[in-house]
Amino acid sequence: MDTRWKNIVNKIYIFFKKNQIPISGLVLTAFGVFVLGVMIAYRRSYSTETVLMVGILGNGCLGYGLKLLLKRYMEKRYQDWRGQIEHDYEEWKQRESLSFKRLNKVGMVCALAAVWYLYDLVCGDGTWGGLSRGWYHNFSTGYVMFMTVLLQFMLASRAVGSFWRGEMDGVMARMDERLQARLKEALEIERKSLEKVSRSDQLRVDLITNVSHDLKTPLTSIVGYVELIKKEELSDVVRDYIDVISARTEKLKEMINSLFSLAKASSGNVKLHKENFEVNRLIEQIFADMDDRVKESDLKFVVKLTEEDTKIYSDNTYFYRICQNLIENVLKYSAKGTRAFVRTYLKGEPEGEDERRICIEITNTAGYFMDFTKEDIVERFARGDKERTSEGNGLGLAIVSTYAKALGGEFDIRIDCDQFKACLEFEL
């Protein structure tokens, strides 16, 4: 018998522990309704001060109790929907709208009841089953009931809104998880494919095909959703989420473009269109094109270009990308308020036995601790893996190294404490 009672008590304890939130909410709500009911039933016996005190007590218990019950109700009602990856913003919006419509209907009924009660106190004569049974001089319970409906409606709206804001956070988080998961999967495919790229030309083709499918398809879907959402009437909170997603989408676009450029160059299928051009003029053109970003960077660029002839026979487009990537690297990773140096000079004597070479050096002060060596800095994704606090994706220097080799040049890195120097050499 003792064991049986212990089991019963234990089950009761477990039940109350598991359902303490709804039980607490139910008790508080019932007590609040009871207090307000007593106030109405004995309204002739209480002074205005007593009615106000009882109303405050009843509203406090009722408001907190309804908050707990609403929370559990929403969680139970949408437990099959919450956390599902396939649900998106449109479905979230429809469900939120439906919840508020239902709440508004309940609020309207309660408001009409409160208005009727106040009217009955002021003008009722009991003919139609009213409570007042004639004129009554103290209307305080009517005012309290009217304010109770208004206050409880506001609290309930806030509770429902809080629930759906939390669900919106979940929707955004799931979208971000999908984006990160697909990006990680695509990058993993890229890593594995690049390891085998020297073995077979077919693998190089498969690399570009797989990356194109795995990255462009989800990116197109995400961009479409973002554009649809931007056309809707959004709260400030949701607008902030959309801005974050839009910014991350733009960053992903940049990464995809870099990834494609790297894959194409690594495949050995680069078609060079060589022509004569001035390296100094090319660098000046890059700074002119990037003038706005340079001015916004809080960096001071010191450009020292040789006065000698820097004409070179190479691919203008790829050479431009090499120099542009290095300058972008400076803009992304330099310490704020520092100086960056861009220098060109020639090596070798004009009439000497050594070949004449054009050298480009770009030096900056890093804004982070450089815990790597020059041997691994040009490894693909090394920067993105080791440092997540900046906007880089770890592909820029890999592209520079690959393009430089494709053009027959040399690329080197020199690190001295926090000084980072990128060096290029090409035969004139």
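The following paragraphs describe the overall make-up of a predicted model, then its aromatic pairs and the surroundings of one asparagine.

In this predicted model, the chain holds twelve helices and seven strands. Of its 428 residues, 42% are buried, and the accessible surface of the chain comes to about 25300 Å², with 55% of that area belonging to carbon and sulfur atoms. When the contacts with a separation of 6 or more are considered, 74% of them are accounted for by residues that stand 24 or more positions apart in the chain.

A search of the whole structure for aromatic pairs finds four of them. One of these is formed by F277 and F319, whose ring centres are 5.5 Å apart and whose planes meet at 70 degrees; because an angle over 60 degrees counts as edge-to-face, the pair is assigned to that class. F277 lies in strand β1, which spans residues 274–278, while F319 lies in helix α10, which spans residues 316–333, so the pair ties together parts of the chain that are 42 residues apart in sequence. With a relative accessible area of 8%, F277 is buried, because the limit for that class is under 20%. F319, at 0% relative accessibility, likewise counts as buried. A further pair is that of F287 and F301, which is also edge-to-face, with 5.3 Å from centre to centre and 75 degrees between the planes. Here the link runs between helix α8, where F287 is found, and strand β2 (residues 300–304), where F301 is found, and the two residues are 14 positions apart. F287 has a relative accessibility of 15% and therefore counts as buried, and F301, at 15%, is placed in the buried class as well. Beyond these pairs, F277 and F319 belong together with F426 to one aromatic cluster.

Helix α8, which contributes F287 to the second pair described, covers residues 279–289 and also contains N280. The relative accessibility of N280 is 3%, so this asparagine counts as buried. Which residues is N280 in contact with, once its neighbours within four places in sequence are left aside? The contacts of N280 are with L305, T306, E308, T310 and T344. Helix α8 thus holds both N280, with a relative accessibility of 3%, and F287, with a relative accessibility of 15%, and both of these residues fall under the 20% limit that defines a buried residue.

Notes: Residues are numbered from 1 along each chain as its sequence is written. This is a predicted model: local features need pLDDT of at least 70, side-chain atom pairs count only at pLDDT 80 or more; totals for chains, interfaces and linings use all residues. Side-chain values use heavy atoms; hydrogens and water are left out. Helices (H or I, at least four residues) and strands (E, at least two) are DSSP runs, numbered from the N terminus. Buried means under 20% relative accessible area, exposed over 50%, partly exposed in between (1.4 Å probe, protein chains only). Contact means heavy atoms within 4.5 Å. Accessible areas come from the Shrake-Rupley method with a 1.4 Å probe; for residues, only the protein chains shown count as cover. Rings of Phe, Tyr and Trp (its six-membered ring) pair if their centres lie within 6.5 Å; planes under 30 degrees apart count as stacked, over 60 as edge-to-face and the rest as tilted.
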